[in-house]
Amino acid sequence: MRFTRRQWIGGCLAGAVRHGSGLAAQYRGVEVGVQSISFQDRPLEAMLEAVSQIGIGTVELWSGHVEPANQTGAALREWRLGADLDHFRNIRALFDRRRVRLSSYDVPFRTQCTDAEIDRMFEMARALGVVTISSSSEIGMAARLAEFARKHRVRVGFHN
């Protein structure tokens, strides 16, 4: 049987409520979270509202919820390099007000990213208050990212 992410999460939460865990964000002692790209059809605050409504307590934040839409390449690089880190601190405050834990920041590290851009993405993660970045990236980037991970004391996890 196949489930969408939303169906699976809903089932887990329903199970948590049935089992009386007291925390809808846990199922049999396992923390249940979501990657915000599952709500890519909504802007940031609407995504947070939906997450709160269904009782999710932890979110891995997709960069598409915080970076400008429809910008790629040089335009996105310019935005990243010039973005005020208060933008990210304010996003963290939104999560805190909703009592949703921000577990990690999901950014795509591409081979064409400059060192300055990579450094800035790590700074953004720190401004969000996370110590983990997840990335859909080429494995060849791992060695290059290691220097930045050490410098900023941020772990990097790769996913497909």
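Which residue, with a positive phi, follows H6? Arg153 follows H6, and its phi is near 55°. The model is predicted: local features need pLDDT of at least 70, side-chain atom pairs count only at pLDDT 80 or more, and totals for chains, interfaces and linings use all residues. Residues are numbered from 1 along each chain as its sequence is written, and side-chain values use heavy atoms, with hydrogens and water left out.

**Helix H6**
- Helix H6 spans residues 142-152 (helices are DSSP runs of H or I with at least four residues, strands are E runs of at least two, numbered from the N terminus), and its buried residues are Leu145, Phe148, Ala149 and His152.
- Buried means under 20% relative accessible area, exposed over 50%, and partly exposed in between, with a 1.4 Å probe and protein chains only.
- Viewed down the axis of H6, the buried residues fall within an arc of 105° and so line one face of the helix; the arc is that of the directions from the helix axis to the C-beta atoms.
- Ala143, Glu147, Arg150 and Lys151 are exposed on the other side of H6.
- The buried residues of H6 pack against helix H5 (115-127) and strand S7 (155-158), where contact means heavy atoms within 4.5 Å.

**Helices H2 and H4**
- The axes of H2 (residues 44-54) and H4 (residues 85-98) come within 11 Å and cross at roughly 20°; axes are lines fitted to C-alpha atoms, for helices over the stretch in contact, and angles run from 0 to 180 degrees between N-to-C directions.
- H2 and H4 are therefore roughly parallel to each other (angles under 35 degrees).

Conventions
Parallel < 35°, antiparallel > 145°, perpendicular 65-115°, else oblique.
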